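The following exercises concern strand pairing and aromatic contacts. Please work through each task before reading its solution.

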Amino acid sequence: IWAFQPRTGVPIWQYRFSRRYINTAPLVIGDRVFASHSEENITGTAMGSVVAIDATGNGDLTESGAIWKRDELMVGKSSLIAADGRLFAFDDRAKLHVLDVESGETIGDRIAIGRAMRASPLHADGKIYAFTQNGRWSILRPDADDGAAKVKSGRLLSGEECHASPICSHGRIYLQTSGRLYCLEDA
């Protein structure tokens, strides 16, 4: 992960934590950058990691820039989201891990919503909307004690896959699947 000066392109800092690549978008909250991957870590043999980086530094922050780091969380396809002081990390097997933003500690039990996750979740109207690759969906609400609680879940039409992340606009959620474009609204 690199930080660059916007006007000049001059590098400010870098943080290396994957031997291969990172598919997820970093999440910036204040002067912290949260990132994840599901590839080989640069040290050891473990796969996957979630990290909180102190973005106020300069140079190579690989050894000193992590505020906290959680290895063996394979969150490499679906980007992280944050709400209510919690980090919501859907791993590649569609299991939700809720982490405390400040410490990285796990909050509650992990929640299974499917078998494979590629789309990034959406946080809107106080809820988290998550769609799995094989067409399962869940609406979750952040919960102070348990991390998150399922509000509702279901499945798209048979054979439909979801690889695209949902978006919201004008009180509606839009979702592109392998077979359709959905527009969801609360009547």
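**Exercise 1.** In this predicted model, determine how many residues lie between strand 4 and strand 5 in their hairpin, and which glycine in the turn has a positive phi.

*Solution.* Begin with the connection: six residues separate strand 4 from strand 5 in this hairpin. Next, inspect the turn, where Gly-44 has a positive phi of about 75 degrees. Then follow the pairing itself: strand 4 and strand 5 (residues 47-54) are antiparallel and share seven bridges. Within this pairing, His-37 lies opposite Ser-49 of strand 5.

**Exercise 2.** Describe how strand 3 pairs with strand 4, and state how many residues of strand 4 are buried.

*Solution.* Strand 3 (residues 27-29) is joined to strand 4 by three bridges in the antiparallel sense. One bridge partner is Arg-32 in strand 4, which faces Ile-29. These two strands also form a hairpin, with two residues between them. In its turn, Gly-30 has a positive phi of about 65 degrees. Finally, consider the covering of strand 4 (residues 32-40): eight of its nine residues are buried, and the strand is thus mostly covered.

**Exercise 3.** Classify the aromatic pair of Trp-2 and Phe-4 as stacked or edge-to-face, and the pair of Tyr-15 and Phe-17 by its geometry.

*Solution.* The structure contains three aromatic pairs. For Trp-2 and Phe-4, the ring centres are 5.8 Å apart and the planes meet at 15 degrees; the pair is therefore stacked. The cut-off applied here is that planes under 30 degrees apart count as stacked. As to accessibility, Trp-2 is partly exposed at 47%, and Phe-4 is also partly exposed, at 44%. For Tyr-15 and Phe-17, the centre-to-centre distance is 5.6 Å and the angle between the planes is 50 degrees, a tilted pair. Tyr-15 has a relative accessibility of 3% and so counts as buried. Phe-17, at 1%, is likewise buried.

**Exercise 4.** Which strands form the edges of the open sheet with the order 16-17-18?

*Solution.* This open sheet has three strands, and their pairing is antiparallel. The edges are strand 16 (167-169) and strand 18 (181-185), each of which pairs on one side only. On average, neighbouring strands in the sheet are turned by 30 degrees against each other, direction ignored. Strand 17 (residues 172-176) is connected to strand 18 by five bridges, and the two run antiparallel. Here Arg-172 is placed opposite Glu-185 of strand 18.

Terms used
Residues numbered from 1 in each chain as written. Predicted model: local features only at pLDDT ≥ 70, side-chain atom pairs only at ≥ 80, totals over all residues. Heavy atoms only, no water. Pairing = 2+ DSSP bridges. Helix = DSSP H or I, 4+ residues; strand = E, 2+ residues; numbered from the N terminus. Axes fitted to C-alpha atoms, helices over the stretch in contact; angles between N-to-C directions. Phe/Tyr/Trp six-rings, centres within 6.5 Å; stacked < 30°, edge-to-face > 60°. Buried < 20%, exposed > 50% of the residue type's maximum accessible area, 1.4 Å probe, protein only.
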